[in-house]
Amino acid sequence: MASKTPMASDTVAFFDVDGTLLDSTIVHYYLWLRTAKLPFFLKPLWLAAFLPKVVYYLILDRRSRTRFNQVFYRNYRGMDAESVKALSQEMFEDSLRAKIFPAAISQIQEHKAQGATVVLVTGSLDFIMQPLAEFFAVDYVLAPRLREEAGRFTGELTTPPLIGEEKAKAMKAFAEGHGIALENCYAYSDSQSDLPMLECVGNPVAVNPGKSLRKKALASGWEMYEWVL
């Protein structure tokens, strides 16, 4: 039996990222990274060529967010891994910092002031999340990684996409590994797809919920926040 790693706090606040802490998506990240070093005159041409894919991705996302992530991350196939990773800090400063909800900063600070451990749980890639995690000074990040071969991304994830039930599994494994009771923990998300994440803790919080999640939150008596820029 694996030994547990004790933590100073018996409470964890788990946060989804995209749509919860900031106004962004995995599509926005890819578009920024893919076009960052293109000559100015080529960016509109590249975006115009990419645009037809967007309709397909929207349809796929509605059918299965897990499948959408698997398919979308194939766009990274062949890209130089170190070069892309090196752009993550620049992307954060250039684009992501301005998209962070001020109330999200306050909420994380409040949890930390109360001694809670803060964990990001996201379907977005680990290297993209690193500057954000440093900004928030969070304790842990649960995020997927892209497989690499010969210094380039293959477009495949090393694990299943961290979506839906996979988020709840990751949280349960984290809690088990650190001797934490999830009924004492918090979870924040904006997405109906994250119901398993919200339902596995004692204190679920819906942030900027859509119609379905709002209905569930109201029926269950969950806290709800509207965070704006």
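Select strand β1, residues 12-15, in this predicted model. Both of its faces are covered. Val12 and Phe14 lie on one side, Ala13 and Phe15 lie on the other, and all four residues are buried. In a regular strand, side chains alternate between the two faces of the sheet.

Keep β1 on screen and add strand β2, residues 117-121. β1 and β2 pair in the parallel sense, over 4 bridges. To find one point of register, pick Phe15 and look across to β2, where Leu120 stands opposite.

Now add strand β6, residues 186-189. β6 also runs parallel to β1, and 3 bridges join the two strands. Here the residue to pick in β1 is Phe14, whose bridge partner in β6 is Ala187.

Next, the cysteines. Select Cys185 and Cys200 and show their sulfur atoms. How many disulfides does the structure hold? It holds 0. The sulfur of Cys185 has its closest cysteine sulfur in Cys200, at 8.6 Å, which is too far for a bond. A disulfide would need the two sulfur atoms within 2.5 Å. Seen from the other end, the closest cysteine sulfur to that of Cys200 is the one in Cys185. Are these two residues buried or exposed? Cys185 is buried, with a relative accessible area of 0%. Cys200 also counts as buried, at 15% relative accessibility.

Move to the helices and select α2, residues 43-63, together with α3, residues 65-72. Their axes come within 6 Å and cross at roughly 150°. Angles over 145 degrees count as roughly antiparallel, and α2 and α3 are therefore roughly antiparallel to each other.

Show side chains where these two helices touch. From α2, the residues in the contact are Phe50, Tyr56, Tyr57, Leu60, Asp61 and Arg63. They meet Arg65, Arg67, Phe68, Val71 and Phe72 of α3. By class, the contact comprises 7 nonpolar and 4 charged residues, with no polar ones.

Stay on α3 and colour by accessibility. Which of its residues are buried? Phe68, Asn69, Val71 and Phe72 are. An α-helix has 3.6 residues a turn, so residues three or four places apart point the same way. The cover over the buried residues of α3 includes α2 and α1, the latter spanning 26-35.

From there, go to α1 and pick Arg34. Arg34 is partly exposed, with a relative accessible area of 30%. Setting aside neighbours within four places in sequence, Arg34 is in contact with Trp46 and Met79. For a distance across the model, draw a line from the C-alpha of Arg34 to that of Leu157. The two residues are 123 residues apart in sequence, and the line spans 18 Å.

The last stop is helix α5, residues 88-96, where Phe92 lies. Phe92 counts as buried, at 2% relative accessibility. What does Phe92 touch, not counting residues up to four places away in sequence? Its contacts are Arg97, Ile100, Pro131, Leu132 and Phe135. Finish by drawing a line from the C-alpha of Phe92 to that of Glu110. These residues are 18 apart along the chain, and their C-alpha atoms are separated by 23 Å.

Notes. Residues are numbered from 1 along each chain as its sequence is written. This is a predicted model: local features need pLDDT of at least 70, side-chain atom pairs count only at pLDDT 80 or more; totals for chains, interfaces and linings use all residues. Side-chain values use heavy atoms; hydrogens and water are left out. Axes are lines fitted to C-alpha atoms, for helices over the stretch in contact, and angles run from 0 to 180 degrees between N-to-C directions. Angles under 35 degrees count as roughly parallel, over 145 as roughly antiparallel, 65 to 115 as roughly perpendicular and the rest as oblique. Contact means heavy atoms within 4.5 Å. Ala, Val, Leu, Ile, Met, Phe, Trp, Tyr, Cys and Pro count as nonpolar, Asp, Glu, Lys and Arg as charged, and the others, Gly among them, as polar. Buried means under 20% relative accessible area, exposed over 50%, partly exposed in between (1.4 Å probe, protein chains only). Two strands pair if DSSP finds at least two bridges between them.
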